[in-house]
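Colleague: Could you take a close look at one part of this model for me, the aromatic residues and the helices that carry them? I would like the geometry along with the cut-offs behind each term.

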Amino acid sequence: MWIWIVLGIIGCILIAVLIAACTYIDIKILFNKVDRDDYLSIKVRMLFGLVKFNYQIRQIKFKGFDQGFLMKREKKDNVLGHSHDHIHLNIDFIQNIYNHILLIIRFTADFRRWVQKLLRRVHCDVLTWETHIGFEDVVETGMATGIIWALKGTIMGWLSHTIRLEHMPGLKVNTHFNDPQFTTELRCIAKIRFGHAMIAGVVLLVRIVKVKGGLKLWQNILFKV
């Protein structure tokens with residue numbers, strides 16, 4: 001009798017895992033800038049909404065070349081709760097991130113290939129990027145418009161070789177002559193199967209353990225985030 005109960009429980013767990021593996025992790029990214037108002041939102045939803053994560057930056061202020069940009073950061077989720085703080089995006093901050101990336105690459109076996117394979121599993125359903133640009137000088141407006149189109153084209157070309165774009169990206173650059181302004185809005189909705197993410201996590205753990213000191217390094221970096 002007990003054997004059938006145990007087998008039934010194991011069977012239910014396996015079915016639940018298989019169902020979860022077939023679901024998607026939904027990722028929504030929104031960034032807009034209107035004059036001096038900046039807003040960035042990253043929302044992640046998985047397991048039928050049982051796990052949610054919301055990362056927001058609501059204010060970006062330039063404090064000088066020494067302090068860089070001061071950003072108000074807010075994090076919400078239904079696991080760890082709510083928190084908010086301020087971060088300084090300056091040379092030291094960027095250098096610290098760059099050093100961490102170099103250490104991760106060094107102490108993780110074939111980390112670049114792992115990232116490439118994971119990104120190829122990402123499906124992008126919606127990608128729009130609209131910009132309004134204008135200067136008082138007509139020549140400056142034309143040059144800025146060309147630069148923005150070149151920048152968007154380069155980024156979209158890189159994305160097309162990195163992730164799976166399900167639809168053609170919606171790109172717009174609206175030119176306003178003799179009307180100084182700059183606004184931009186980027187929307188992205190992407191997803192990846194939960195099963196692919198789980199497998200990628202296991203593969204990453206194996207790659208970390210294969211390198212001496214890799215596990216300790218990752219623990220130190222994650223605790224500082």
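Modeller: Happy to; here is a walk through the aromatic rings and then the helix packing beside them.

This is a predicted model, in which local features need pLDDT of at least 70, side-chain atom pairs count only at pLDDT 80 or more, and totals for chains, interfaces and linings use all residues. Residues are numbered from 1 along each chain as its sequence is written, and side-chain values use heavy atoms, with hydrogens and water left out.

For orientation, the protein has six helices and nine strands; these are DSSP runs numbered from the N terminus (helices H or I, at least four residues; strands E, at least two). Of its 225 residues, 28% are buried, where buried means under 20% relative accessible area, exposed over 50% and partly exposed in between (1.4 Å probe, protein chains only).

Now to the rings. A pair of aromatic rings is described by the distance of the centres and the angle of the planes. Rings of Phe, Tyr and Trp (its six-membered ring) pair if their centres lie within 6.5 Å, and planes under 30 degrees apart count as stacked, over 60 as edge-to-face and the rest as tilted. The structure holds two aromatic pairs. In one, the centres of Phe111 and Trp114 are 5.8 Å apart with planes at 25 degrees, so this pair is stacked. Both residues sit in helix H3, three residues apart, about one turn of the helix. The other joins Phe111 to Trp218, with centres 6.3 Å apart and planes at 55 degrees, so it is tilted. That pair links distant parts of the chain, since Trp218 belongs to helix H6 (residues 214-224), 107 residues from Phe111. Together, ring pairs link Phe111, Trp114 and Trp218 into a cluster. Phe111 is buried at a relative accessible area of 16%, Trp218 is buried at 15%, and Trp114 is buried too.

Helix H3 also packs against another helix. The axes of H3 (residues 111-119) and H5 (residues 194-210) come within 11 Å and cross at roughly 180 degrees; axes are lines fitted to C-alpha atoms, for helices over the stretch in contact, with angles from 0 to 180 degrees between N-to-C directions. H3 and H5 are therefore roughly antiparallel (over 145 degrees; under 35 is roughly parallel, 65 to 115 roughly perpendicular, the rest oblique). In contact (heavy atoms within 4.5 Å), Phe111, Trp114 and Leu118 of H3 meet Ala200, Val203, Leu204 and Arg207 of H5.
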